[in-house]
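Visitor: Please take a close look at a single part of this model. Tell me what surrounds it, and then what lies further along the chain.

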Amino acid sequence: VVDAFLAKYEQGGKELMLKKHRPALSMLVEVVGDKPVNELRQADINEYFDVLQALPPRWSEQCRRRGLSVRELAELEHVETLGPKTFHDGYIASVRPFLKAAKRDYGDQGFPLTLTTEGIEYLGDQEEDVNKQRAFKPAELQRLFVGAELRAFAADPAQRDKYWLPMLGLFTGARVNELC
């Protein structure tokens, strides 16, 4: 069922969504097990999200590097675990449409019609905006746009891009890579 769901995204050319769904749903199969659809229970979905909340950021890289399964990695102590935004925007947002599609496409083949992500909450200890970027302080802006470094870039023809790109970004609001 997971493979069929991912194949639709692959065929539809929705690479960004496929990139989001693939790790979330692969981990679902690893945690729940590759079982017949009529054996899937809400407890399996709940357990998946419990395991997920015990994982560190970039968990798949750590599993690969350390030679551990997802469950083994989740059982270890971690300084930092997945944050609420990743939990909701990455994993809940992947499992919810998967369950909806599976009910529609496989409900008559025994896929449980009651499975849901409703009521599943983030129980981790990270705050919502813990890694959010802060705004520059006035003194930092002064240093950045009037400082000696920027004047040196403006004076050197070989480094004028280092002067103009930040200035254009400030004026237009565009990202540096967009301006390039």
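Guide: Helices here are DSSP runs of H or I with at least four residues, strands are runs of E with at least two, and both are numbered from the N terminus. The model is predicted: local features need pLDDT of at least 70, side-chain atom pairs count only at pLDDT 80 or more, and totals for chains, interfaces and linings use all residues. Residues are numbered from 1 along each chain as its sequence is written, and side-chain values use heavy atoms, without hydrogens or water.

Take helix α3, residues 42-53. Gln 53 belongs to this helix. Its relative accessible area is 12%, so Gln 53 is buried (under 20%; exposed is over 50%, partly exposed in between; 1.4 Å probe, protein chains only). What does Gln 53 touch beyond its neighbours within four places in sequence? Its contacts (heavy atoms within 4.5 Å) are Thr 81, Phe 87, Glu 121, Tyr 122, Leu 123 and Gly 124. With Leu 123 there is also a link to the backbone: the Gln 53 side chain reaches the backbone nitrogen at 2.4 Å.

Phe 87 leads to the first helix pair. Two packed helices are described by the angle between their axes and the distance between the axes. Axes are lines fitted to C-alpha atoms, for helices over the stretch in contact, and angles run from 0 to 180 degrees between N-to-C directions. The partner is α6, residues 84-106. The axes of α3 and α6 come within 12 Å. They cross at roughly 160 degrees. The two helices are therefore roughly antiparallel (over 145 degrees; under 35 is roughly parallel, 65 to 115 roughly perpendicular, the rest oblique). From α3, the contact uses Ile 45, Tyr 48, Phe 49, Leu 52 and Gln 53. From α6, Phe 87, Tyr 91, Ile 92, Val 95 and Leu 99 take part. Phe 87 of α6 is thus in this contact, and it is also one of the residues that Gln 53 touches.

Now the other partner. Helix α2 covers residues 15-32. Its axis lies 10 Å from that of α3, and the angle is about 110 degrees. That makes α2 roughly perpendicular to α3. On the α2 side are Ala 24, Met 27, Leu 28, Val 31 and Val 32. They meet Asp 44, Ile 45, Glu 47, Tyr 48, Val 51 and Leu 52 in α3. Ile 45, Tyr 48 and Leu 52 serve here, and they are also among the α3 residues that contact α6.

After α3 comes a loop, which runs to α4 (59-66) and holds Arg 58. Most residues other than glycine have a negative phi. Arg 58 has a positive phi of about 55 degrees, although it is not a glycine. Is Arg 58 buried or exposed? It counts as exposed, at 60% relative accessibility.

Back to α6, which also carries Arg 96. Arg 96 is partly exposed, at 42% relative accessibility. Leaving aside neighbours within four places in sequence, Arg 96 is in contact with Thr 117 and Glu 118. Thr 117 is 21 residues away in sequence, yet 6.0 Å away in space, C-alpha to C-alpha. Their side chains make a polar contact at 3.4 Å (N or O atoms within 3.5 Å, one able to donate a hydrogen and the other to accept it; residues adjacent in sequence count only if both atoms are side-chain atoms).

Last, Arg 175. It sits in the loop between α9 (160-172) and α10 (176-179). Arg 175 is exposed, with a relative accessible area of 58%. Leu 165 is ten residues from Arg 175 along the chain, and their C-alpha atoms are separated by 9.0 Å.
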